[in-house]
Amino acid sequence: MTTIRFPATDGFELAGTLYGNPANATAAVLIVPAMGVAQGYYAEFARWLAAKGQVVLSFDYRGMGASRPAAHAQSLRGFDADIQTWAERDAAAALAWLRAQVAPGVPLHWVGHSLGGQIFGLLPNRSLVDRAVTVASGSGYWRENAPRLKRIVWWMWFVLVPLTLPLAGYFPGRRLKKVGDLPRGVMAQWRRWCLSPHYMMGEGGAELRQRYTEVDTPMLSLSFTDDEFMSGRNIESLHGFYDRAPKTMQRVTPAELGVPRIGHFGFFRPQFQGTLWTQLAHWLDQSPTRLAPHSMETA
């Protein structure tokens with residue numbers, strides 16, 4: 001495991017962690033985090049992949065985790081970033097950096113958790129990716145959220161965020177014990193997306209829809225019936241944007257694995273090494289030929 005620094009496409013310095021040896025890797029995997037989740041959350045999963053001969057890069061978006069500048073350690077007031085910045089400048093740079101570390105011909109894969117699966121279509125260099133996996137990734141449209149979240153999320157979008165952004169100049173999630181600190185532009189854009197039935201397409205329009213339609217990367221979606229945030233409808237809505245991508249949609253119940261809970265964050269816990277992790281690794285090991293789409297049973 002090696003801590004690294006690398007520039008985003010606009011020169012902003014980002015923090016990452018490299019697992020495994022690029023010199024003899026059989027594949028490369030970029031782990032793309034969820035909203036408000038620091039890269040350390042994915043460390044056990046990254047080590048497990050590296051032990052199987054893959055080289056893995058995790059990273060923090062600008063303003064998050066180890067990519068949060070010292071000048072903004074106490075407050076993100078005045079820090080400029082939105083979700084498209086994270087995708088088009090940060091994640092794109094991480095992808096390019098990882099591609100440069102491994103030999104030509106070594107497959108390069110994308111594993112996106114929640115937001116990390118949503119933004120794949122925004123990547124200008126997504127053609128570098130041989131296979132993409134989305135984990136608990138769905139549209140954030142609030143009226144399609146899982147029932148537990150829908151009961152409370154209106155307070156966040158219609159009261160809490162409109163009050164805190166102008167007062168604090170960012171979203172002080174650590175103090176509020178919600179999501180974590182987020183740059184003002186990130187939270188404002190996320191709110192706009194979540195209030196639209198078409199999620200990011202409501203803001204991006206026809207041009208953005210076309211970018212997602214052009215994605216033809218084989219894609220595995222892993223979603224969970226007990227996800228406290230994403231309903232089956234959220235999952236369907238997001239992956240409908242990737243309408244040309246050959247998709248394998250797998251919706252998992254905790255009972256299938258003999259566990260009481262998986263939820264939105266559970267996939268990355270080591271207890272799933274022999275089940276979900278192995279399933280993901282097996283799918284990535286397959287030949288990157290285009291697959292026939294699978295149907296998904298919604299909750």
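Me: Let's start with arginine 211. Buried or exposed?
Reply: Arginine 211 counts as buried, because its relative accessibility is 18%. Buried means under 20% relative accessible area, exposed means over 50%, and partly exposed is in between (1.4 Å probe, protein chains only).

Me: Where do these numbers come from?
Reply: This is a predicted model, in which local features need pLDDT of at least 70, side-chain atom pairs count only at pLDDT 80 or more, and totals for chains, interfaces and linings use all residues. Residues are numbered from 1 along each chain as its sequence is written, and side-chain values use heavy atoms, with hydrogens and water left out.

Me: Cool. Which residue does arginine 211 form a salt bridge with?
Reply: Its partner is glutamate 207, and the closest N and O atoms of the two are 3.9 Å apart. A salt bridge here is a side-chain nitrogen of Lys or Arg within 4 Å of a carboxyl oxygen of Asp or Glu. Arginine 211 and glutamate 207 are 4 residues apart in helix α7, so about one helical turn separates them.

Me: Why does a gap of four places matter in a helix?
Reply: An α-helix has 3.6 residues a turn, so residues three or four places apart point the same way.

Me: How many salt bridges are there by that rule?
Reply: The count comes to 15 salt bridges. One of them joins aspartate 10 to arginine 62, at 2.8 Å from N to O. Aspartate 10 sits in the loop between β1 (2-7) and β2 (13-19), and arginine 62 in the loop between β4 (54-59) and α2, so this pair ties together parts that are 52 residues apart in sequence. Helices (H or I, at least four residues) and strands (E, at least two) are DSSP runs, numbered from the N terminus.

Me: How covered up are those two?
Reply: Aspartate 10 is partly exposed, with a relative accessible area of 39%, whereas arginine 62 is buried, with 4%.

Me: And what about glutamate 13? Which residue does that one bridge to?
Reply: Glutamate 13 forms a salt bridge with arginine 5, with their closest N and O atoms 3.2 Å apart. Glutamate 13 is partly exposed at 47% relative accessibility, and arginine 5 is partly exposed with a relative accessible area of 42%.

Me: Back to α7. How far does it span?
Reply: Helix α7 covers residues 200-213, and its end C-alpha atoms span only 14 Å, while a straight helix of 14 residues would span 20 Å at 1.5 Å a residue. The expected span is 1.5 Å times one less than the number of residues. There is also a kink of about 100° in α7, centred on alanine 206. The bend at a residue is the angle between axes fitted to the seven residues ending there and the seven starting there.

Me: What covers the buried residues of α7?
Reply: The cover includes α2 (83-101), α3 (115-118), α6 (184-194) and α8 (232-241). The buried residues of α7 are Met200, Met201, Leu208, Arg211 and Tyr212.

Me: New topic: what about α4's span?
Reply: The 22 residues of α4 should span 32 Å at 1.5 Å a residue, and the end C-alpha atoms are 30 Å apart, which agrees. α4 does have a kink of about 45° at leucine 160, shortly before proline 162. The buried residues of α4, including Leu149, Val153 and Trp157, pack against β7 (170-171), α5 (173-176) and α6.

Me: Which residue follows α4?
Reply: Glycine 169 does, with a positive phi near 85°.

Me: Which residues other than glycine have a positive phi?
Reply: Alanine 136 is one, with phi near 55°, and tyrosine 199 is another, near 50°. Most residues other than glycine have a negative phi. Alanine 136 lies in the loop between β6 (131-135) and α4, and tyrosine 199 in the loop between α6 and α7. Alanine 136 is buried at 0% relative accessibility, and tyrosine 199 is buried at 0% too.

Me: Last one: what does glycine 140 touch?
Reply: Leaving aside neighbours within four places in sequence, glycine 140 is in contact (heavy atoms within 4.5 Å) with Asn145, Cys194, Tyr199 and Asn234. Glycine 140 is in the loop between β6 and α4 and counts as buried at 8% relative accessibility.
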